[in-house]
Amino acid sequence: MSKWYQGSGNNSDVVMFSKIRLARNLADSPFPSKMSDEIRKNVTKKLYAAIKSSALANEFDMVNLEPLSDAQAMSYAEKQLISREFLRNKEKASFMLSKDEDVSIMLCEEDHIRISAFSSGQSLEEAYKKADELDDVFIKTLNIAFSDKLGFLTASPVNLGTGLKASLALHLPALASSNAVYRLTAMVGKLGLSLREMFKNGAGDIYILSNQVSLGISEKSAIDNINAICDQIVKQERKAREQLKENIDFEDKIYRTMGILKSARKLDFDEFLNTLSLARLGSSLKYLDIDYKTIGNMLYELQNATLTASSGAELNEQLCSKLRAQLVRERLE
């Protein structure tokens, strides 16, 4: 079964994946930041029981982070299945994960329930359907905190209302090369959205487009709004890519990039992200014969913690760079 980062979908040349996050809380328990260890354990058991007594029982496993190595735990964060903040209390943290890893439920992070659902390409509706199915289980089984005036009550006022955050991961190498991303960031900010780098310093040219408003707006309206803005960004990125194709230096750069990926003996993480970004761009423009599944696999399986966890050894930065380069060469043979 393909994972969400291995597939392709609507506008996959630009939109890598869609994510829906829903925040919910129990009306009869304090927010996680105010919980004692005993209350946290009881709430976790109650939330776990709600899923295990539902029709979705066989689709989810409980993952307890405490016995895992730091690399194993961080690997889940690298794949965006949990937040990095969740790892700060690793000895108390647990979450539920679907068999195909397209849905995760953090238990007692900032909120009691944090549902995250993923799908490939620009398909927020599909991701929302997955999240909503779980949401219905919790709402029907538990006393969820809700106000007729404010909607779902959350630990942070930013999430009041629907408690929904819709996000799209956009691959914008052409717009980034002309610094147009900065103008886009300012523009979408005025429309109640945010556009931020997925990786530090913009490595990989992947940006996350998200809604900022969840109060006074329906889930459908929030999703429709972000989709409409995304459609405009997709058009701009494609236009910028066509302009790049007219430059022989750009074409040369794409092919040289594949030379690096196929022959490098060391790839530090930033260089890996940047070369993989150009390879993905080359694929979308039909220069290179490499599919999105291969690129997605490398992006999510060759980050430092995931590499370390899968190797079963303690790897420092240099050893990660050597192993990463070796695995990239093998996958591109």
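# Exercises on a predicted chain

Among contacts (heavy atoms within 4.5 Å) in the chain between residues at least 6 apart in sequence, 69% join residues at least 24 apart. The model is predicted: local features need pLDDT of at least 70 and side-chain atom pairs count only at pLDDT 80 or more, while totals for chains, interfaces and linings use all residues. Residues are numbered from 1 along each chain as its sequence is written, and side-chain values use heavy atoms, with hydrogens and water left out.

## Exercise 1: the whole chain

Task. Describe the chain by its elements, its radius of gyration, its span and its buried share.

Solution.

Step 1. The chain has 11 helices and 10 strands. Both are DSSP runs, numbered from the N terminus: helices are H or I with at least four residues, strands are E with at least two.

Step 2. A compact globule of 333 residues would have a radius of gyration near 20 Å, and the chain agrees with this because its value is 21 Å. The radius is taken over C-alpha atoms, and the globule rule is 2.2 Å times the number of residues to the power 0.38.

Step 3. The C-alpha trace spans about 65 × 45 × 30 Å along its principal axes.

Step 4. Of the 333 residues, 55% count as buried. Buried means under 20% relative accessible area, with a 1.4 Å probe and protein chains only.

Step 5. The chain exposes about 15600 Å², and carbon and sulfur atoms supply 48% of this area. The areas come from the Shrake-Rupley method with a 1.4 Å probe; for residues, only the protein chains shown count as cover.

## Exercise 2: the cavities

Task. Find the cavities of 30 Å³ or more in the whole structure, and state what lines them.

Solution.

Step 1. Rolling a probe the size of a water molecule over the atoms shows where empty space is left. On a 1 Å grid over the protein atoms alone, a cavity is a set of points where a 1.4 Å probe fits but cannot get out; a pocket is an open set with protein on both sides within 12 Å along at least five of seven lines; lining residues have an atom within 4 Å of a point. Grid points are joined across faces, edges and corners, and a volume is the space filled by probe spheres set on the points.

Step 2. The search finds two cavities of 30 Å³ or more. The largest has a volume of about 120 Å³, and the second largest holds about 60 Å³.

Step 3. The largest cavity is lined by 14 residues, and Y5, G7, M16, R280 and G296 lie nearest its centre. Helix α9 (292-301) gives the most to this lining, with five residues.

Step 4. Sort the 14 residues by class. Eight are nonpolar, five polar and one charged. Ala, Val, Leu, Ile, Met, Phe, Trp, Tyr, Cys and Pro count as nonpolar, Asp, Glu, Lys and Arg as charged, and the others, Gly among them, as polar.

Step 5. The lining of the second largest cavity includes M16, H171, R280 and L299. Its largest share, four residues, comes from α8, and the classes are six nonpolar, three polar and one charged.

## Exercise 3: helices α2 and α9

Task. Which elements do the buried residues of α2 pack against, and what does Y292 touch?

Solution.

Step 1. In helix α2 (residues 70-78), the buried residues are A71, A73, S75, A77 and E78. They pack against α9 and α10 (304-311).

Step 2. After α2 comes Q80, with a positive phi near 65 degrees.

Step 3. Y292 lies in helix α9. Leaving out residues up to four places away in sequence, Y292 touches Y5, Q6, S8, S12, D13, R280, S283 and S284. The C-alpha atoms of Y292 and A279, 13 residues apart along the chain, are separated by 9.8 Å.

## Exercise 4: the pockets

Task. Describe the largest and the second largest pocket by volume and lining.

Solution.

Step 1. The largest pocket has a volume of about 620 Å³. It is lined by 23 residues, of which K19, Q80, I82, S83 and R196 are the closest to its centre.

Step 2. Strand β1 gives the most to this lining, with three residues. By class, the lining of the largest pocket has eight nonpolar, six polar and nine charged residues.

Step 3. The second largest pocket has a volume of about 270 Å³. Residues including D37, R40, K41 and E91 line this pocket.

Step 4. Helix α1 (37-52) gives the most to the lining of the second largest pocket, with five residues. The classes here are two nonpolar, three polar and seven charged.

Notes:
Buried < 20%, exposed > 50% of the residue type's maximum accessible area, 1.4 Å probe, protein only.
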